[in-house]
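Me: I've got this chain open and I'd like a close look at one part of it, with enough of the background to know where I am. Could you walk me through it?

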Amino acid sequence: MSNHVEENSTENVVRKFFNLKEMPHIVKPLDRNQKIHPHILNAIGNTPLVKLSKIPKDEGIKCDMYAKCEFLNPGGSVKDRIAYRMVLDAEEKGILKPGKSVIVEPTSGNTGIGLALASAVRGYRCIIVLPEKMSDEKVNTLIALGAEIIRTPTEAAWNDPTSNLMVAHRLSKEIPDAVLLDQYNNPCNPLAHYDGTAEEILWSLDDDVDMVVMGAGTSGTVSGVGHKIKERCPKCIVVGVDPYGSILAQPEDLNKTDVQIYEVEGIGYDFLPASLDRGVIDKWIKSEDHASLEMARRLIKDEGLLCGGSSGSAMWGAIQAARSLKEGQKCVVLLPDNIRNYMTKFISDQWMEARNFQPLVVKEHLPWWSKPVTENMVQSIKSVSHDSSPSHALATLKESGAPVLSVVNDKGSVIGVFTADNARKRLVNLSGSLAESLEKFTVKKFYKVDLTLKPTLGLVSRMLDIAPHVVVVKTDASTHIETPVGVFTSENLLTSISTESKIMNGS
Ligand SMILES: Cc1ncc(COP(=O)(O)O)c(C=O)c1O
């Protein structure tokens, strides 16, 4: 009995999973200069290590800092490595059969792109299940690669039946010949980094590294790199970066935040994946959206590195951690994915301003720009209860004459909006039906301003650059109930601008 408990103890389970040294290795020649590749998957890995110049200097960092440019992988991210490795392993074991098997995977997008890339080259049908938070750019890339997409609610906990994990597991049982490679429980995830990413970093720096900093998602990167680095360069400090709102850095930071949902994609989880070995991580740094996205934009602007948001988290974490290093020491920060994934997100000034991640642009020549939004400026909207039917919502929308309806919970607080455009997309593109619940037709991510925060017409104008309408709400300070007030379209804004201009001109 005691043996059985020991066999299944957490320590033993981690030890068995991370028996990386004993697993079959695939170590590529450490050279990018192969004249011709037999196929694009062969070009995965051997990414450049680039010395950073401006940001470390501006931040007063004394050590040398280097960026491992994983965003230059063929699919645009570090996850190409694990996707290809899991496919090769499953093919070798006879689990995946080219032309027959169907790959089904829950991912935050990049593993999906890696798997869709491998599927395109090797001839698999590929179904990717990803949360709604993930960018449309990732979805469009997946579709272009021939993958089928299923979106799931961002707020669903990992063990909720509607989460991307649970939906993928269910589909893998229902679909004939489906194979779930399962990056969270597949040792090939850390192994790809043990054999590839870490070998390359050590090769580039002649086995002399003082610190490596990586964001943690499935944590395959930080754990796999950490294992190899601990073997070959024991002095090296391994740093994991985990966003507030995630529990990977537990228990130290578990209860220090009320963040529920964060914008940076690809890092952080609400469960501990098997692919995480906390034992090789010396230090955790908690990151937040604002500093991460600001840093990602600096990496692009100051260093010319066309990376994504989690690269900003890793770099911001690296700056904090590298302050303890001296001149001549070496710190490597890993930049996981590519700007392509975020062209309509943090790359856009309007997107950053709408979320208060950067100050609203000042347009002094427009006298109305800083005028506050008032209740009488907005077009009124109707509300429907979350338990109404989509048909009822559609009829109410038509009757209201406004472009949106607010969907409210039992307390009358706005939980989303209903629009004809979104309803059409659900019926046409996702084979939805009006017999489904209204929840399926409710848009949870929409642009809004809160009158209690005194938004300006300038802010509404910036939001209308990237959205067809802006919902206006009023939040009660004690109950936090968000009462719907109305909506702004470009037409309403033009009316407000013209009224304000007349008032200012005294006409
Ligand atoms: C953009 C991005 N950054 C970081 C990570 C974290 O990598 P890992 O899952 O190896 O922890 C991921 C993983 O999907 C990612 O997509």
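What percentage of the 507 residues of the chain count as buried? And then the part I'm really after: where is Y342 found, and which residues does Y342 touch, leaving out those up to four places away in sequence?

Reply: Before anything else, keep in mind that this is a predicted model. On your first point, 53% of the 507 residues count as buried.

A bit of background before we zoom in. The secondary structure adds up to 16 helices and 16 strands. The radius of gyration is 25 Å, close to the 23 Å that the globule rule gives for 507 residues, so the chain is as compact as a globular protein of that length. If you lay the C-alpha trace along its principal axes, it spans about 80 × 55 × 55 Å. Take the contacts between residues at least 6 apart in sequence: 68% of them join residues at least 24 apart. On the outside, the chain exposes about 23,100 Å², with carbon and sulfur atoms supplying 53% of that area. For charges, there are 57 positive and 63 negative side chains, and the centres of the two sets lie 2 Å apart.

Now for Y342. You'll find it in the loop between β10 (330-335) and α12. Being in a loop doesn't put Y342 on the outside: its relative accessibility is 3%, and the cut-off for buried is under 20%, so Y342 counts as buried. Setting aside residues up to four places away in sequence, Y342 touches E137, K138, E265, G308, G309, D337 and I347. D337 and I347 are on that list, and so are E137 and K138 from a good way back along the chain. For a sense of scale, take M23: it is 319 residues from Y342 in sequence, and their C-alpha atoms are 36 Å apart in space.

It helps to set Y342 beside a few other loop residues. D182 sits in the loop between β6 (178-179) and α8. With a relative accessible area of 11%, D182 is buried as well. It touches M86, E105 and H169, again not counting residues up to four places away. From D182 to G45 you cover 137 residues in sequence, and 21 Å between their C-alpha atoms.

D270 is another loop residue, placed between β8 (237-243) and β9 (283-287). Is D270 buried or partly exposed? Its relative accessibility is 36%, so it counts as partly exposed. Its contacts, under the rule that skips residues up to four places away, are A157, W158 and I247. The C-alpha atoms of D270 and S77 are 22 Å apart, with the two positions 193 residues apart along the chain.

Two more loop residues are worth a click for their backbone. D207, in the loop between α8 (188-204) and β7 (211-215), has a positive phi of about 60 degrees although it isn't a glycine. At 31% relative accessibility, D207 is partly exposed. N356 also has a positive phi without being a glycine, at about 65 degrees. This one lies in the loop between α12 (349-354) and β11 (383-385), and with a relative accessible area of 61% it is exposed.

Last, an annotation from the record. An unreviewed UniProt entry places a feature called "domain: CBS" at residues 377-436. Over that stretch the model is 35% helix and 23% strand, with the end C-alpha atoms 35 Å apart.

Terms used. Residues numbered from 1 in each chain as written. Predicted model: local features only at pLDDT ≥ 70, side-chain atom pairs only at ≥ 80, totals over all residues. Heavy atoms only, no water. UniProt positions renumbered as here; feature names shortened; annotations may be inferred. Helix = DSSP H or I, 4+ residues; strand = E, 2+ residues; numbered from the N terminus. Rg over C-alpha atoms; globule rule 2.2 N^0.38 Å. Buried < 20%, exposed > 50% of the residue type's maximum accessible area, 1.4 Å probe, protein only. Contact = heavy atoms within 4.5 Å. Areas by Shrake-Rupley, 256 points an atom, 1.4 Å probe, with all protein chains shown as cover. Lys, Arg positive; Asp, Glu negative; His and termini not counted. Charge placed at Lys NZ, Arg CZ, Asp CG, Glu CD.
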